[in-house]
Amino acid sequence: MPPPHDAPTAAELVAAVREFLERDVLGSLEGRTRFHGLVAVNVLGMVERELDLGAPQERAHAARLAGLGVADDAELAAAIREGRFDGRYDELKSALLDATRDKLAVANPSYTG
C-alpha cells in the first residue's frame with residue numbers, strides 16, 4: 001500500500017464488509033431488507049472489481065479511444081452520430097465490444113462467460 005495509507009487497503013476493507021454481510025447478516029434478513037442486503041453485497045463486489053480492474057481498464061479504454069481518433073466518450077458518440085465511422089464498422093464494433101466487456105467485468109462478470 002503506498003504512503004500515506006497503511007494496511008488494510010480499500011479493496012481489503014470492502015471485501016471484509018462484503019464477506020461479513022454474506023456470512024453473518026444475510027441469513028437473518030427477510031423480505032425487503034434481505035433484498036437490499038443482497039443489493040449491498042452486489043455493490044460491494046462491483047467496488048472490489050473496479051478497484052482491482054479500474055486502472056488497467058482506464059488505460060485500455062484511453063488507448064481504444066485514441067485508436068479511433070477521439071478524445072473521450074462524448075466525442076465518440078458525436079462522431080458516430082456524424083457518420084465519421086461509416087465504413088469503419090468492424091473497428092468501431094471491436095472497440096465497443098471491448099469497452100462493454102470491461103464494463104461487464106466490473107458490473108457482473110458472469111454475463112461475459
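What share of the contacts in the protein with a separation of 6 or more comes from residues 24 or more positions apart? The share is 45%. The model behind this value is predicted.

**Overall build**

The protein has four helices and zero strands. From the N terminus on, the order reads α-α-α-α. The radius of gyration is 19 Å, whereas a compact globule of 113 residues would come out near 13 Å. Along the principal axes, the C-alpha atoms fill a box of roughly 55 × 40 × 25 Å. Buried residues account for 21% of the 113 residues. The protein exposes about 7,900 Å², and 58% of that area is supplied by carbon and sulfur atoms.

**Three residues by exposure**

The table sets out two residues of helix 2 and one loop residue.

| Residue | Location | Relative accessible area | Class |
|---|---|---|---|
| Ser 28 | loop between helix 1 and helix 2 | 58% | exposed |
| Phe 35 | helix 2 | 51% | exposed |
| Gln 57 | helix 2 | 16% | buried |

**The loop before helix 2**

Ser 28 sits between helix 1 (10-25) and helix 2. Its side chain reaches the backbone oxygen of Val 25 at 2.9 Å. Ser 28 and Ala 63 are 35 residues apart along the chain, and their C-alpha atoms are separated by 46 Å.

**Helix 2**

Helix 2 covers residues 31-68 and includes Phe 35. Phe 35 counts as exposed because its relative accessible area is 51%, and the cut-off for exposed is over 50%. Phe 35 also belongs to a nonpolar surface patch with Val 39, Val 43, Val 47 and Leu 51. Together these residues have about 400 Å² of accessible area.

Gln 57 is also found in helix 2. Is Gln 57 buried or exposed? Gln 57 is buried, because its relative accessible area is 16% and buried means under 20%. Which residues does Gln 57 touch, not counting those up to four places away in sequence? The partners are Asp 102, Ala 105 and Val 106.

**The two ends of helix 3**

Helix 3 spans residues 73-81. At its start, a side-chain oxygen of Asp 72 comes to within 3.2 Å of the backbone nitrogen of Ala 74. Just after helix 3, Gly 83 adopts a positive phi of about 80°.

How values were computed. Residues are numbered from 1 along each chain as its sequence is written. This is a predicted model: local features need pLDDT of at least 70, side-chain atom pairs count only at pLDDT 80 or more; totals for chains, interfaces and linings use all residues. Side-chain values use heavy atoms; hydrogens and water are left out. A polar contact is a pair of N or O atoms within 3.5 Å; within protein, one must be able to donate a hydrogen and the other to accept it, and residues adjacent in sequence count only if both atoms are side-chain atoms. Patches are made of residues with over 30% relative accessible area and no salt bridge: like charges are joined within 9 Å, nonpolar side chains (Val, Leu, Ile, Met, Phe, Trp, Tyr) within 5 Å. Accessible areas come from the Shrake-Rupley method with a 1.4 Å probe; for residues, only the protein chains shown count as cover. A salt bridge is a side-chain nitrogen of Lys or Arg within 4 Å of a carboxyl oxygen of Asp or Glu. Buried means under 20% relative accessible area, exposed over 50%, partly exposed in between (1.4 Å probe, protein chains only). Contact means heavy atoms within 4.5 Å. The radius of gyration is taken over C-alpha atoms; the globule rule is 2.2 Å times the number of residues to the power 0.38.
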